[in-house]
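Reader: I would like to learn how to read burial, contacts and packing from a set of coordinates. Could you take me through some cases one after another?

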Amino acid sequence: MINRRDLIKHLSAVPLIGGFLGNGSAEAATFAAKLPARNLAKELGIRTFINAAGTYTAMTGSLMQDEVVETIQGAAQNFMMLDEVQTKVGEKIAALTHAESAVVTAGCFSALTLGLAGVLTGMDQKRVEALPHLEGTGMKSEVIIQKGHNIGYSHALTNTGCKIIQVETVEELEKAINEKTALLWFLHIQSDKGQIKHEQWVEIAKKNGIATMIDMAADVPPVENLWRFNDMGFDLVCVSGGKAMRGPQSAGILMGKKHLIDAARLSMPPRGSTIGRGMKVNKEEILGMYVALEKFVKMDHKKEWKMWEDRAALISNAAKSVAGVNVETFAPELGNHTPTLRISWDAAKVSLPVKLLQENMRNGNPSIEIMPGENNTLTITTWCLKPGEEKIVATRLKEELSKAVV
């Protein structure tokens, strides 16, 4: 929690918040004076931990940047019209991402459902209220995806009532397209698992007058991906907000063609009688997501990458100092593209099942989360670490491995 003096200073310095607070510093000071000092995690017995695993939803994603937290706290002090917040923020997000329009959603999964809803209904209110019941409405009912892309997230698409049609080859794709086809959906993190690549996918869709959507939930960095797929011609692009961008964990972004974003918003709160009514995003999250995106786009990404590499090197050197331990440093090409350590060991030299190592790291003080693999391997990432935590991870990891040396 930031201290009260810093909060007042930042609130008065950030134009976005100053405008929303209305009365400015006086109101901010009153709010700051009322900030609770309670440690609810400790009070409720909730375990906190050092995150050396990554931006997993089960681990509550990433930690919001200070500016995002300050934005949320400031915005909470005034009423606003939800649609106006979405419109104004959407314009800013669209400009940053080379999109025609954008809207903040309740995570990337929500963006998938809402985006497809907009494709199906257009601006027809009767169709909006009919979803997910497509029969007899005149709406299309099929979404085509590549078999290698169907790993579970496509459930967001079937929430609209649509049926998934799987294909593998270009010939199968062209044969599958018919009068019921509403959308061609692409999952970027699985793009190496399909025969049809991005550009060809878009080209075939355009040739047949069918909308395209790409799910790139965990695919920044690199920052260029935020506009790469808009520039490529995808009609809708969906991304998570609570991973590398360090926005609210429950926020995502749907961006793309304006007529589709306008249609998608008909299925979003504050409107009722829609499939998206429960996908509510509050004004604080919307504004916080904008600030997170803006800061992410403008940050020095080379400097950030170097910091991650230095942290990884420190942990790697500590682990490799134990006889029988091997460390590989790499950056996944698709999804979570950050310096990552793959640590393994010779069971004849280090007698330590990886699950036991995970438990030992988790149950220590402080608690540390890592990601176990198969055959005495684990992965560690450093982009979720706070400054100095890499030293703790390195020390603890070396201790646990050293104790198990045969």
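Author: What follows is a walk through helices, cores, single residues and a surface patch, in a model that is predicted.

Reader: Let me begin with a helix: which residues of helix H16 are buried?

Author: The general idea comes from the helical repeat: an α-helix has 3.6 residues a turn, so residues three or four places apart point the same way. In the present case, helix H16 spans residues 354-363, and its buried residues are Val354, Leu357, Gln358 and Met361. These residues lie on the same side of H16, because the arc they cover around the axis is only 100°.

Reader: Which exposed residues does the face turned away from the buried side of H16 carry, and what do the buried residues of H16 pack against?

Author: Lys355 and Asn363 are the exposed residues on the face turned away. The buried residues, for their part, pack against strand S10 (340-345), S11, strand S12 (371-372), strand S13 (377-381) and H17.

Reader: Two of those partners interest me, and I will take S11 first: is Glu369 in strand S11 buried or exposed?

Author: Strand S11 consists of residues 368-369, and Glu369 belongs to it. Glu369 counts as buried because its relative accessible area is 2%, where the cut-off for burial is under 20%. Once neighbours within four places in sequence are set aside, the contacts of Glu369 include Arg47, Phe49 and Met59, and also Gln358 and Arg362. Of these, Gln358 has already appeared among the buried residues of helix H16.

Reader: And what can be said of Glu399 in helix H17?

Author: Helix H17 covers residues 389-403, with Glu399 among them. Glu399 is classed as partly exposed because its relative accessibility is 40%. Separation in sequence and separation in space should be read side by side: Glu399 and Ala318 are 81 residues apart along the chain, while their C-alpha atoms are 9.4 Å apart.

Reader: How many residues does the largest nonpolar core have, and which have the most contacts inside it?

Author: The largest nonpolar core has 52 residues, and those with the most contacts inside it are Ile144, Leu173, Trp201, Leu226 and Phe234. Helix H14 (residues 283-298) gives the most to this core, contributing 8 residues. There is also a second, separate core of 33 residues, with Leu157, Leu183, Ala217 and Leu260 among its members.

Reader: What does Phe234 touch, beyond residues up to four places away in sequence?

Author: The partners of Phe234 include Phe186, Trp201, Thr212 and Lys257. Thr212 sits in strand S6 (residues 211-215), and it is buried, with a relative accessible area of 2%. Read from the side of Thr212, the contacts beyond four places in sequence include Leu183, Trp201, Phe234 and Leu236.

Reader: Where is Ser62 found, and what does it touch?

Author: Ser62 is in the loop between strand S1 (50-51) and helix H5 (66-75), and it is buried at 13% relative accessible area. Apart from residues up to four places away in sequence, Ser62 touches Thr55, Gly242, Lys243, Arg246 and Gln249. By contrast with a contact, Ser62 and Asp192 are 26 Å apart from C-alpha to C-alpha, with their positions 130 residues apart in sequence.

Reader: Finally, which residues form the nonpolar patch on the surface?

Author: The patch is formed by Leu40, Leu44 and Ile46, which together have about 300 Å² of accessible area. Leu40 lies in helix H4 (residues 40-44) and is partly exposed, at 43% relative accessibility.

Notes:
Residues are numbered from 1 along each chain as its sequence is written. This is a predicted model: local features need pLDDT of at least 70, side-chain atom pairs count only at pLDDT 80 or more; totals for chains, interfaces and linings use all residues. Side-chain values use heavy atoms; hydrogens and water are left out. Patches are made of residues with over 30% relative accessible area and no salt bridge: like charges are joined within 9 Å, nonpolar side chains (Val, Leu, Ile, Met, Phe, Trp, Tyr) within 5 Å. Accessible areas come from the Shrake-Rupley method with a 1.4 Å probe; for residues, only the protein chains shown count as cover. A salt bridge is a side-chain nitrogen of Lys or Arg within 4 Å of a carboxyl oxygen of Asp or Glu. Helices (H or I, at least four residues) and strands (E, at least two) are DSSP runs, numbered from the N terminus. Buried means under 20% relative accessible area, exposed over 50%, partly exposed in between (1.4 Å probe, protein chains only). Contact means heavy atoms within 4.5 Å. A nonpolar core is a set of buried Ala, Val, Leu, Ile, Met, Phe, Trp, Tyr and Cys residues joined through side-chain atoms within 4.5 Å. The arc is that of the directions from the helix axis to the C-beta atoms.
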